[in-house]
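User: I would like to go through the labels attached to this model and see what each one rests on. Please set the values against the cut-offs where that matters.

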Amino acid sequence: MEEDPFQALNYWKEALIAQATGGSSPAALTLALADWWIHLCTAPGKQLELGVKYGEAIAALYQHAAQPWSRPQRDASVPPGNDGQAQPAWQQEPFSLWWHAFLTARHWWIDATSQVPGVAPHHADLVSFCASQWCDTLSPANFPWSNPVVQERCLAEGGRNLSAGLLNLFNDIRRQLVQAPEEGMERFQVGKTVAVTPGAVVFRNHLIELIQYAPASATVRPEPILITPAWIMKYYILDLSPENSLIRYLVAQGYTVFCISWRNVGSADRNLSLDDYRRLGFMAALDAVSRIVPGRRVHAVGYCLGGTLLSIAAAAMAGQKDTRLATLTLLAAQTDFTEPGGLGLYIDASEVYFLESLMWAQGYLSAAQMSAAFQSLRPVSDTAARAVRRYLLGEHAAPNDLMAWNADSTRMPYRMHAEYLRKLFLNNELAAGRYQVDGRMIALRNIRVPIYALGAESDRIAPWRSVYKIHYQTDADIRFVLASGGHNAGIVSEPGHPGRWHRAGASAPDGLRVGADEWMAGSSLHAGSWWPDWQAWLDAHSGPPLPALRSLGEAGADRTALTPAPGRFVLQD
């Protein structure tokens, strides 16, 4: 179909603006600010409330300054990024007064941007988030003249910390200009120090490589595991270093494991659709697994966006009476986008159109642009605390394998990502029962196989209460587990990792669904990784072990033609 030249002109104009703003729509933010400001100006009750709170704040600040001996020794004077551990230096004056003044101003602005009558909820969330971010940039903890910890370090080290911090800053700027990785990242090389679980690529098409991993035991469960990671990231987050590789762990527990490795698309792939990712991705991989181990039902696993795709594929398979799946495992994966977390702050009609224009011009959304979106969701306090440690205290923390993986991001094609944003984020078609596959509506309620759903406590990408909503969309038997950590660290949670915990409990007692908070109240807390809990669940839904097949790929295939894991696609820049 010939492209509409008028719409192309619209896209071209928006793409030029997007290049300058990093992909954030000025119109979306302007609309949110205008909505808030207009309604605030016409809400005398809210204005009076803020005036009263302002007066109370000034009085409290005066009392704090005039009577320092009357307040508790451990109050709110804890700078962000210190994990709740008050340092004695912040209890001293004038630093305690400055910090109290900052918190008072911050709380007032949060109140000023929250619960303004008449403001659209999305606009209210965006303005409130921006207000907290802007306030945090002015935290006294961020500047050497108002941070007593920095001043004590300067006195103790004679200013050497500032010299070291300046060197760190110059090195970071230099690496940014030449687009070099952070110092220490060179220790993590794909196929050499990370993604080293033995295996081979046993199937390849334009979009995926399918890796089969070599068995590590004499017997294996008859049901293989097929993992669908998100294509926004490279698959090897699930196969990092040997000691924290989820794939290696599954192989060691006696499972035949397959994993999809996605192509890092370019501008030539601009028209790949979300359904292409289903057909050429999960379904093509499932067909290959069925040829390699015929007659076996499959434990299907999806992580993040890969879990959303897996849910779509499973619902379509159920409607077609395709019974090849034994279970579904959804790791930090959303099927309902009414509460999508931090990304929802940026997803409205204006922002989606803006991103569409940017991707239309490039053919894809670049890794740097996607990374900028995720970075903007991080609290400024976290980013500032890292900058203080690095540039003012002169500290340098060596990166770990998870950080190295996080810097190795991928691109997403124009059509697929536009469909994903509009159909799922903006219109919530999957949860609403309006999503179509091959011209037919699909229903998550048709999924009947057991489901293991995992949420992560601190996940800002797929909040655990949003992940929990799978309970309201299917009548399948669901085991829900809540893990400590965030979107990535909550998954990479190997046994023995210090400080890890998980919650588990009956998700549907007596066949009834309960809300997320009710589930939380009735769940039990367990120390350690969730991996053994998942393994026990998989074991309970698997048959007795069988002798392991020592060869990889289809029977009779030329073994010398197989590409060793981790394959080629994962190495694409």
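User: Why does Cys130 count as buried?

Analyst: This is a predicted model, so the values are computed from its coordinates. Cys130 has 12% relative accessibility, and buried means under 20%. Cys130 therefore counts as buried.

User: How do you know that Cys130 is too far from the closest cysteine sulfur for a bond?

Analyst: The closest cysteine sulfur belongs to Cys135, and the sulfur of Cys130 is 11 Å from it. A disulfide needs the two sulfur atoms within 2.5 Å, so this pair is too far apart for a bond.

User: What about Cys304: buried or exposed, and how far is its sulfur from the closest cysteine sulfur?

Analyst: Cys304 has a relative accessible area of 13%. The limit for buried is under 20%, so Cys304 is buried. Its sulfur is 14 Å from that of Cys259, the closest cysteine sulfur, which is too far for a bond. The structure as a whole holds zero disulfides.

User: What makes the backbone of Cys304 worth listing, and where does Cys304 lie?

Analyst: Phi of Cys304 is positive, near 60 degrees, and the residue is not glycine. Cys304 sits in the loop between β6 (298-303) and α10 (305-319). Ala332 is listed on the same ground, with phi near 50 degrees; its place is the loop between β7 (325-331) and α11 (349-362). At 3% relative accessibility, against a limit of under 20%, Ala332 is buried.

User: How do you know that the span of helix α7 agrees with its number of residues?

Analyst: Helix α7 (residues 160-177) has 18 residues, and at 1.5 Å a residue the expected span is 26 Å. The end C-alpha atoms are 26 Å apart, so the two values agree. After the helix comes Gln179, with a positive phi near 55 degrees.

User: Which residues of α7 are buried, and what puts them on the same side?

Analyst: The buried residues are Asn161, Gly165, Asn168 and Arg175. They cover an arc of only 90 degrees around the axis, so they lie on the same side of α7. Arg160, Ser163, Leu167 and Leu177 are exposed on the other side. The cover over the buried residues includes α6 (148-157) and α13 (380-392).

User: What does the largest nonpolar core contain, and which domains does it draw on?

Analyst: The largest nonpolar core has 131 residues, and Leu210, Leu226, Phe282 and Trp530 have the most contacts inside it. Helix α9 (residues 274-292) gives the most to this core, with 10 residues. At least three residues come from each of domain 1 (5-157) and domain 2 (199-338 + 428-545). The centres of domain 1 and domain 2, taken over C-alpha atoms, are 38 Å apart.

User: Which residues does Phe282 touch, leaving out those up to four places away in sequence?

Analyst: Phe282 touches Leu226, Thr228, Ile260, Tyr277, Ala300, Leu310, Ala313, Met317 and Leu325. Apart from the largest core lies another core, of 13 residues, including Ala112, Ala124, Val127 and Cys130.

User: Where are the cis peptide bonds that join Glu93 to Pro94 and Ala565 to Pro566, and what omega goes with each?

Analyst: For the bond between Glu93 and Pro94, omega is about 5 degrees; Pro94 lies in the loop between α3 (44-66) and α4 (95-112). For Ala565 and Pro566, omega is about 15 degrees, and Pro566 lies in the segment after β17 (563-564).

Key. Residues are numbered from 1 along each chain as its sequence is written. This is a predicted model: local features need pLDDT of at least 70, side-chain atom pairs count only at pLDDT 80 or more; totals for chains, interfaces and linings use all residues. Side-chain values use heavy atoms; hydrogens and water are left out. A nonpolar core is a set of buried Ala, Val, Leu, Ile, Met, Phe, Trp, Tyr and Cys residues joined through side-chain atoms within 4.5 Å. Buried means under 20% relative accessible area, exposed over 50%, partly exposed in between (1.4 Å probe, protein chains only). Helices (H or I, at least four residues) and strands (E, at least two) are DSSP runs, numbered from the N terminus. Domain bounds come from an automatic or database domain assignment. Contact means heavy atoms within 4.5 Å. The expected span of a helix is 1.5 Å times one less than its number of residues. The arc is that of the directions from the helix axis to the C-beta atoms.
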